[in-house]
Amino acid sequence: MNVKPLRFIRRGELVTLHGVPPDRTLLDLLREDLATTGTKEGCGEGDCGACTVVVAEPAGDGGDSLRYRAINSCIRLAHSVDGMALWTAEDLAAGDGRLHPAQEAMVACHGSQCGFCTPGFVMSLFGMYQDHVVRGEAITPELAREALSGNLCRCTGYRPILDAACQMGQQPLVQVDEGALAARLREIAPASAASSGSGAYLAPRALTELLALRAAHPGAQVVAGCTDVGLWVTKQHRRFGQVLDVTGVAELRTLREDAGHLSIGAAVSLADAFNALVAQRPQLAAFASRFAGLPVRNSGTLGGNVANGSPIGDSMPLLIALGAEVVLASVRGERALPLEDFYLGYRKTQLAADEVVARLRVPQPAPGEFLRAYKISKRYDDDISAVCLVVNLQLQDGQVRSARIGAGGVAATPARGTGAEAALVGQAWSQDAARAAGAALQAQFRPISDMRASDAYRRQLLANLMERLWLESQGAATINLERPAAAQALLSEEGLA
Ligand SMILES: Cc1cc2nc3c(=O)[nH]c(=O)nc-3n(C[C@H](O)[C@H](O)[C@H](O)COP(=O)(O)OP(=O)(O)OC[C@H]3O[C@@H](n4cnc5c(N)ncnc54)[C@H](O)[C@@H]3O)c2cc1C
Ligand code: FES
Ligand code: FES
C-alpha cells in the first residue's frame, strides 16, 4: 500500500522522507533511518523519558505563535509529526557550538553523570523553556517537578536537574524565530485526507472525512496519541498495514463550553483536557498532575483513554463521577450515552466498527459540589492506579442531595458506585454515612489481585478512601493536596471550613 511522504521541519530545514511504514516509531526513524542517535532508547514504553523530543505546531490563534510539546518518541508513530517542527537534543546548540540555556544550566548545576538520561531531560527542559521562560514566566521548583516527572535518572539524582530547570531562565534569552518557522509550517501544512484516501497512513483533517474513512477502512488501526497503541508496536511487536490517525481532525481538537457543559474533543491532549477541567474544578490539580508524566499527557488524548477502556484508567472514574456523556459518531450520525454505559466488559465497549469517540460532555460544577479524586499507586508520579476513586457529592444544609461515584481498579471496567450512591443520597453527611458508603463500595466490587495490589488491599482502600473523604470534608486532613494552605482555601470556597 502506498504511503504519502512524511515532511517536517528540523533545524529550519524541510525534511522529506518517502516510504516510511505507517507503524514506524519516531524513535526508530530518528535513530535507525536518520542515524541521529543522540536521542536515546531506554524502556521503549513511555516510562523513562530517555527518548524525549520536542514538537511544535501552530498554536491555532491565527498568528505566528507556536505550541511546543515534549513527547516520548519511542511510542509515537513517525507519521504523526507530519507538518510539524521537530527538535532533538542534537538541535539545540547554536551553529558556533554555544549551548542552549537548557544545556548550559545542566552543565552549571552538575545535572549529568553517566549521561544516558541527559538528552531526554534536556528536551523536557527545552519544552519548559519554550512554554515558560520565553513567555517571561519563571520556572518554580513545583513546575519543574511536574514537567520532569516523565524523565528518570538513575545516577545523578534529581536535585541538580531541578536546580538546572529553575536556573536556565537566568541565562541570556535564546529564541526560536517563530515568524520564519510558522511560515515554513504553513507551506507544509498537511492537505486533507481526500487526496490520500487509500494510503497506508490516513490523517484526515475534518470529521466528515474521518467518518467516511472509518466506514471505508474497517481494518485500519485507529490511533490518537499512541500512548497505548505505541506499546503494542514496541512491546507486542504488532504490525499495522494501515493506520487511521484522528489527531488532525479539527472538530476532535476542539474544547468549548456550551449549555452548561464543557465539551472536550476526543483528540484534545490529556494535558489540555485536564487544564480545562482543573480551571473549573481546582481541587483536581493534584490528581491531574499524577496522570502519567507530562510527555505522555502531551501526546495522549482523553478520547484515547476512554476508548481504550482500561479498568485501571484514571480519567473514566473522574468523568463518571462528574456525570459525563460520551458522544460517538459515524456516517450514520451521532449518539450520546452516559460514560458508565459505554463499557460492556473487560476492554469491551459499545463502539461499533464504523464509529469513533467524538467528544466528552462534562457538566459544569453544581452549587454545593464537594468533589475529591483519589489515585492510589505504588509510586507518586507517573504510575498506574491500583485503585482510583472519585466521589462527587452535592451537599445542602448538611444533607447529601446527590452523589456520583466513579471507581477504577476494582472491576473489569471503570464503574459507577451505585450502591454507595444509594446509601448516601438523602442522608445527613456524617462519618456514619461515609462508612456506610464505604461498606456499600466493598459489597459492590470484587477486585482482583495482581502485581499492583491484592484484592484485600483494594477492598480495604474503598472503605479507607470514604473515611478520608469524610475527614477532608471536615478540614481535618489535606493529604491529597500538596499544599495545606491551598486545601484550606478550597474548603472555604466549598463552604466547609
Ligand atoms: C508511561 C505511561 C504512563 C501512563 N499512565 C497512565 C495513567 O496514569 N493513567 C491512565 O489512565 N493511563 C495511563 N497511561 C495510558 C495512556 O496514556 C492513556 O490510556 C491515554 O489516554 C491513551 O490515549 P492515546 O490518545 O494515546 O490513545 P491511543 O494509544 O492512540 O489509542 C488507544 C485506544 O483508543 C482507540 N482510540 C483512540 N482515539 C479514539 C477515538 N477518537 N475513537 C475511537 N477509538 C479511539 C485506539 O484505537 C486504541 O484502541 C499511560 C501510558 C504510558 C505509556
Ligand atoms: S525510551 Fe523510555 S520513554 Fe521512550
Ligand atoms: S545521569 Fe545517569 S541515568 Fe541520569
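This is a short talk through a predicted model, going from its sheets to its ligand and then to a few single residues.

Okay, hi everyone. Please keep in mind that we're looking at a prediction here.

Let's begin with a sheet. Strands S16, S17, S18 and S19 sit side by side in that order, and they make an open sheet with antiparallel pairing. Who is at the edges? Strand S16, covering 369-376, and strand S19, covering 415-416, are the edge strands, and each has a single partner strand, so one side of each has no neighbour in the sheet.

In the middle of that order, look at S17 and S18. Strand S17 is residues 387-396 and strand S18 is residues 399-408, and 9 bridges join the two as they run antiparallel. If you want one pair to find on screen, try Leu395, which stands opposite Val400 in S18. There's a helix to look at here too: helix H17, residues 455-473, lies across S16 and S17. Its direction is at about 145 degrees to that of S16.

Here's a general thing about strands. In a regular strand, side chains alternate between the two faces of the sheet.

Next, go back along the chain to strand S3, residues 52-58. How many of its residues are buried? The count is 6 of the 7, so S3 is largely enclosed by the rest of the structure. And what does S3 pair with? One partner is strand S4, residues 66-72, with 7 bridges in the antiparallel sense. Pro58 stands opposite Leu66 in that pairing. Another partner is strand S5, residues 85-87, which is joined to S3 by 3 bridges and also runs antiparallel to it. There, Val55 stands opposite Leu86.

Now for a sheet with parallel pairing. It's an open one with 3 strands, in the order S6-S8-S7. The edges are strand S6, at 201-202, and S7, and each of them pairs on one side only. Between S7 and strand S8, residues 243-245, there are 3 bridges, and the two strands run parallel. Val223 has Asp245 in S8 as its bridge partner.

Hold on to S7, since we meet it again at the ligand. Which residues are closest to ligand 1? In total, 36 residues surround it, and the closest are Val222, Ala224, Thr227, Asp228 and Thr301. The backbone gets involved as well. A backbone N or O atom of Ala224 is 2.7 Å from an oxygen atom of ligand 1. For Cys226, a backbone N or O atom is 2.8 Å from a ligand oxygen, and for Asp383 that distance is 3.4 Å. As for how covered the ligand is, on its own it has 990 Å² of accessible area, and the protein covers 94% of that.

Which elements give two or more residues to the shell around ligand 1? They are strand S7 at 221-223, helix H8 at 229-234, helix H12 at 302-308 and strand S15 at 356-363. The largest share comes from H12, with 4 residues.

Let's also have a quick look at helix H9, residues 270-280. It's mostly covered, with 8 of its 11 residues buried. Among the buried ones are Leu270, Phe274 and Leu277, and Asp272 and Gln280 are on that list too.

Last stop: some single residues. Arg11 has a phi near 50 degrees, which is positive, and it isn't a glycine. You'll find Arg11 in the loop between strand S1, 6-10, and strand S2, 13-17. Is Arg11 buried or exposed? Its relative accessibility is 55%, and the cut-off for exposed is over 50%, so Arg11 counts as exposed.

Ala259 also has a positive phi, about 40 degrees, without being a glycine. This residue lies in the loop between strand S9, 255-258, and strand S10, 261-265. With a relative accessible area of 74%, Ala259 is exposed.

Step along to His261, which is in strand S10. Why does His261 count as buried? Its relative accessibility is 19%, and buried means under 20%, so it falls within the cut-off. The side chains of His261 and Arg361 are joined by a polar contact of 3.4 Å. Leaving aside neighbours within four places in sequence, His261 touches Arg256, Arg361, Val362, Pro363 and Gln364.

That's my tour, thanks for listening!

Note on methods
Residues are numbered from 1 along each chain as its sequence is written. Chains are lettered from A and ligands numbered from 1 in the order in which they are written. This is a predicted model: local features need pLDDT of at least 70, side-chain atom pairs count only at pLDDT 80 or more; totals for chains, interfaces and linings use all residues. Side-chain values use heavy atoms; hydrogens and water are left out. Two strands pair if DSSP finds at least two bridges between them. Contact means heavy atoms within 4.5 Å. Axes are lines fitted to C-alpha atoms, for helices over the stretch in contact, and angles run from 0 to 180 degrees between N-to-C directions. Buried means under 20% relative accessible area, exposed over 50%, partly exposed in between (1.4 Å probe, protein chains only). A residue is near a molecule or strand if one of its heavy atoms lies within 4 Å of it. A polar contact is a pair of N or O atoms within 3.5 Å; within protein, one must be able to donate a hydrogen and the other to accept it, and residues adjacent in sequence count only if both atoms are side-chain atoms. Accessible areas come from the Shrake-Rupley method with a 1.4 Å probe; for residues, only the protein chains shown count as cover.
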